[in-house]
Amino acid sequence: MSYVLLCAAFLVAAGAIALVVRRRDRMPSPAALAAAAGVLVLLTAVFDNVMIAVGLFDYSSAHISGIRIGEAPIEDFAYPLAAVILLPALWSRLRRKEADDDR
């Protein structure tokens with residue numbers, strides 16, 4: 001399996017869960033999510049490039065698209081985006097469930 005397909009699976013799963021939760025629960029504003037995504041993508045760019053540059057890890061060219069931001073393959077940026085999609089949805093859902101249990 002290529003890294004692109006693995007990342008796509010994470011993004012699709014996160015998006016599906018977020019859509020289900022968004023219909024039932026209050027989610028953070030799009031501006032807040034965009035700000036969080038921007039910060040996480042920036043941090044990913046910096047730290048992935050540093051870790052790759054010092055030789056902590058590398059990626060086989062056979063399993064990535066070949067598009068890179070510095071040394072980091074573009075696929076690495078799927079994980080922070082999935083986190084920005086999935087974690088607020090889960091937080092909203094669990095917070096609502098906890099509030100319902102307290103009643």
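Buried means under 20% relative accessible area, exposed over 50%, and partly exposed in between, with a 1.4 Å probe and protein chains only. The model toured here is predicted: local features need pLDDT of at least 70, side-chain atom pairs count only at pLDDT 80 or more, and totals for chains, interfaces and linings use all residues. Residues are numbered from 1 along each chain as its sequence is written, and side-chain values use heavy atoms, with hydrogens and water left out.

**Stop 1: G55.** Select G55, in the loop between helix 2 and strand 1 (68-69); helices (H or I, at least four residues) and strands (E, at least two) are DSSP runs, numbered from the N terminus. G55 counts as exposed because its relative accessibility is 55%. Add R93, 38 residues apart from G55 along the chain: the two C-alpha atoms are separated by 40 Å.

**Stop 2: G38.** G38 is in helix 2 and counts as partly exposed, at 38% relative accessibility. A distance drawn between the C-alpha atoms of G38 and D101 reads 35 Å, for residues 63 apart along the chain.

**Stop 3: the surface patch.** Select V39, L40, L42, L43, V46, F47, V50, V54 and L56, which form a nonpolar patch on the surface with about 840 Å² of accessible area together. Patches are made of residues with over 30% relative accessible area and no salt bridge, with like charges joined within 9 Å and nonpolar side chains (Val, Leu, Ile, Met, Phe, Trp, Tyr) within 5 Å. A salt bridge is a side-chain nitrogen of Lys or Arg within 4 Å of a carboxyl oxygen of Asp or Glu. Areas come from the Shrake-Rupley method with a 1.4 Å probe; for residues, only the protein chains shown count as cover. Within the patch, V46 belongs to helix 2 and is partly exposed, with a relative accessible area of 41%.

**Stop 4: N49 and A72.** N49 is also found in helix 2, but N49 is buried, at 18% relative accessible area. Leaving out residues up to four places away in sequence, N49 touches T44, I69, G70, E71 and A72, where contact means heavy atoms within 4.5 Å. A polar atom of the N49 side chain lies 3.4 Å from the backbone nitrogen of A72. Now center on A72: with the same sequence exclusion, A72 touches D48, N49, I52, I67 and F77.

**Stop 5: the core.** A72 is one of nine residues in the largest nonpolar core, with Y3, C7, A45, I52, Y59, I64, F77 and A78. Such a core is a set of buried Ala, Val, Leu, Ile, Met, Phe, Trp, Tyr and Cys residues joined through side-chain atoms within 4.5 Å. Helix 1 (3-24) and helix 2 (30-53) are the elements that give two or more residues to this core.

Conventions: Polar contact = N/O pair within 3.5 Å; in protein donor to acceptor, adjacent residues only side chain to side chain.
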